[in-house]
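Q: Please take a close look at the interior of this protein, beginning with any enclosed space and going on to the residues packed around it.

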Amino acid sequence: MIYLITGGERSGKSSYAENLAKELAAKPMYVATARKWDADFQKRIDRHQKDRDERWVNIEKEKYLSEIDFSGNVAIVDCVTLWLTNFFVDTKNDVALSLEQAKAEFDKIANQENTTIIIVTNEIGMGVHADTSIGRKFTELQGWMNQYIAKKAEKVVLMVSGIPVTIKG
């Protein structure tokens, strides 16, 4: 089962995903995709880790999610935007290559058996138009990957001001 939880910044996506995971499993997995860019980002990561209690199995994986055995587990992948950023930076902003690599990784985890994966993503294309060419390219990458995941997901929820709106499933 694949859930996609999407929405704008601070819309309640992660909280919704965490509550769903705790409803579905006694000991869910939390897969954080953030890369430690600097000391401030490390503080953010530390704060998020402290927010999760002993019920959680915490895994940090920047890119290669297929190296994780999700079988038989309920897992949150938080978030697609940070995960895609890692591909985008590593491919020197190559949208097509980043999309190809991310789709391949997603397909590998989506095909694992007896798994529930709750994927958190951002709707970055609904806000202000990016000022830079790189920003616009990344917005396209994010939109295409969101579409790809949503097509394969059994349930898609759009978070709006903390309110879940089911748009698929």
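A: In this predicted model, about 40 Å³ of space lies in the largest cavity, and the count of cavities of 30 Å³ or more comes to 1. Its lining is formed by Leu65, Val77, Val80, Trp83, Phe106, Ile109, Ile119 and Ile149, which divide into 8 nonpolar residues, with no polar and no charged ones. Two helices, α3 and α4, each supply at least two residues of that lining.

The packing can be followed further through the largest nonpolar core, which has 28 residues and in which Phe70, Trp83, Leu84, Phe106, Ile119 and Met145 are those with the most contacts inside it. Two or more residues of this core come from each of β1 (2-7), β2 (29-32), β4 (74-78), α3 (80-90), α4 (95-110), β5 (116-120) and α5 (133-152). Apart from it lies another core, of 16 residues, among them Tyr30, Ile76, Val120 and Met159.

Two residues show how these parts meet. Leaving aside residues up to four places away in sequence, Phe70 touches Met29, Val31, Leu65, Ala75, Val77, Ile109, Gln112, Thr115 and Ile117. Thr33, placed in the loop between β2 and α2 (39-51), has a relative accessible area of 0% and is therefore buried. With the same sequence neighbours left out, Thr33 touches Lys61, Glu62, Leu65, Val77, Asp78, Cys79, Leu82, Trp83 and Asn86; of these, Leu65, Val77 and Trp83 are also among the residues that line the largest cavity.

Methods
Residues numbered from 1 in each chain as written. Predicted model: local features only at pLDDT ≥ 70, side-chain atom pairs only at ≥ 80, totals over all residues. Heavy atoms only, no water. Core = buried A, V, L, I, M, F, W, Y, C linked by side-chain atoms within 4.5 Å. Buried < 20%, exposed > 50% of the residue type's maximum accessible area, 1.4 Å probe, protein only. Helix = DSSP H or I, 4+ residues; strand = E, 2+ residues; numbered from the N terminus. Contact = heavy atoms within 4.5 Å. 1 Å grid on protein atoms, 1.4 Å probe; cavity = no way out; pocket = protein on both sides within 12 Å on 5 of 7 lines; lining within 4 Å. Points joined across faces, edges and corners; volume = space filled by probe spheres on them. Nonpolar A, V, L, I, M, F, W, Y, C, P; charged D, E, K, R; others polar.
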